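Dear colleague,

I am handing over the structure we spoke about, with the sequence alongside. My notes on what was found follow below, and I would be glad if you read them with the model open.

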Amino acid sequence: MNLHPKKLWNRQFILILGINFCHQMCQQMMNTLIPQYASSLGASAYAVGLVSSAFAATSFCVRPIASPAFDSFSKKRLLLVVLAGLLASFVGYSQSRSVAGILAVRLLHGACMGCIAPLSLAMAGDSLPDSKLGQGIGIFTLCQAVGQAVGPSLGLELSRAVGFSNTFLFGAAEIATGIVLAMLLREDSRPRQAYRITLNKIVEPDAIHPAVILMLQLFAYSCIASYLITYGTSMGIENIGLFFTVYALFLLVTRPLSGRLVDRYGYLPLLTLGMSGFALSFFIIGSSRTIVGMLAAAVVNAFGYGVCYPTMQSLVISCAPRSKRGAAASTSFIGADMGMLLGPSLMGLAIDKIIAVTGDQVAGYSWGFRLMTLPILLGLAYFLVTWKSIRGKIEKHSKETEVE
């Protein structure tokens with residue numbers, strides 16, 4: 001049967017939220033544990049980096065194959081297959097006793113995450129009424145914020161208490177819970193497209209503008225995790241880790257709030273304000289020399305990115321017809337992947353050049369973060385220039401949905 005939800009808190013959406021929470025919590029745990037586990041097995045710094053990058057590489061490479069499938073086959077069945085792959089990954093981590101073993105499992109894990117993120121986003125969009133899409137996607141992305149706030153510390157505490165292997169099995173149990181919830185989902189019998197790996201099935205043209213904006217936002221955002229700790233340490237700020245705690249706490253507020261605001265006021269004012277705040281946070285980071293300044297930057301960053309990310313995800317879904325929301329979600333994640341792959345490496349080159357010229361490590365990182373305001377402001381300019389086209393796509397597909 002076709003799913004035409006009338007209210008936000010419907011059965012399908014609640015089940016998808018539960019599934020998203022399970023895999024997001026596990027993912028945030030792994031981001032902290034896998035490098036440490038590889039190091040405990042004697043991996044060199046290069047090997048640890050290889051294990052980490054292998055995840056992103058397979059996540060990116062699987063999208064051209066997976067993207068056409070989202071709109072061609074049963075999303076419920078695809079979700080069950082991907083969750084089964086994640087379950088196998090966590091069991092595999094628990095049994096790995098070598099860096100090579102971790103690397104092999106990491107490749108499978110990355111491929112599964114490359115599928116489940118856009119697939120679950122598309123399913124969330126299908127389970128929401130169009131009038132509540134912004135609010136619903138804001139709540140949906142809140143699972144990631146909760147995972148960021150709780151997952152890393154939970155994973156560390158569990159690994160200290162019961163060891164790495166048992167912690168990985170705990171993650172497997174969480175994924176198994178997600179599988180049970182996925183079995184309770186209803187099928188959507190809306191007509192599907194034939195499966196072909198073609199450019200227009202991998203990339204949804206109507207989602208390209210939002211994907212470009214996301215790429216520029218993630219270009220900057222990815223540099224925080226890569227360089228903030230080193231920057232803070234170079235200035236003698238010992239408790240720089242508080243940045244991430246404060247950021248995660250405020251993100252819990254801004255993520256759901258942004259959805260309500262976009263449904264009430266629209267995309268243009270909210271994204272303009274969000275991207276402006278997001279850019280400002282990088283300037284504050286680059287100008288701060290104390291923990292107080294860094295925590296202020298964390299609050300502004302949580303506001304800016306907390307508004308931008310869920311609102312952009314909602315925008316992606318709104319720009320595409322219901323029959324191609326899987327491809328649209330995948331297109332947005334391709335843009336995000338490109339930003340995360342390019343941002344840290346290019347900022348690193350900029351930092352090295354500045355240090356070479358000034359001979360000052362702090363100045364190198366300081367100006368590196370200030371430079372990250374540029375891709376965000378470029379994204380804002382691109383959004384304003386293309387807004388008329390984006391708005392036209394939203395209105396067009398909204399009318400198509402009403403006719404269905």
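Of the contacts in the chain between residues at least 6 apart in sequence, 86% join residues that lie at least 24 apart. Please keep in mind throughout that this is a predicted model.

As for secondary structure, the chain has 15 helices and 0 strands. Its radius of gyration is 21 Å, close to the 22 Å that the globule rule gives for 404 residues, so the chain is as compact as a globular protein of that length. The C-alpha trace spans about 65 × 50 × 35 Å along its principal axes.

Turning to burial and surface, 56% of the 404 residues in the chain are buried, while the area that the chain exposes comes to about 16300 Å², of which carbon and sulfur atoms supply 68%. The chain carries 30 positive and 18 negative charges, and the mean positions of these two sets are 3 Å apart.

I also looked at the cysteines, taking a disulfide to be a pair of cysteine sulfur atoms within 2.5 Å; by this rule the count is 0 disulfides. For cysteine 22, the nearest cysteine sulfur belongs to cysteine 26 and is 6.9 Å away, and cysteine 22 itself is buried, with a relative accessible area of 8%. Cysteine 308 is likewise in no disulfide, since the nearest cysteine sulfur, that of cysteine 319, is 15 Å away; at 0% relative accessibility, cysteine 308 also counts as buried.

With best wishes

Terms used: Residues are numbered from 1 along each chain as its sequence is written. This is a predicted model: local features need pLDDT of at least 70, side-chain atom pairs count only at pLDDT 80 or more; totals for chains, interfaces and linings use all residues. Side-chain values use heavy atoms; hydrogens and water are left out. Helices (H or I, at least four residues) and strands (E, at least two) are DSSP runs, numbered from the N terminus. The radius of gyration is taken over C-alpha atoms; the globule rule is 2.2 Å times the number of residues to the power 0.38. Buried means under 20% relative accessible area, exposed over 50%, partly exposed in between (1.4 Å probe, protein chains only). Contact means heavy atoms within 4.5 Å. Accessible areas come from the Shrake-Rupley method with a 1.4 Å probe; for residues, only the protein chains shown count as cover. Lys and Arg count as positive and Asp and Glu as negative; His and the chain ends are not counted. The place of a charge is taken as NZ of Lys, CZ of Arg, CG of Asp or CD of Glu.
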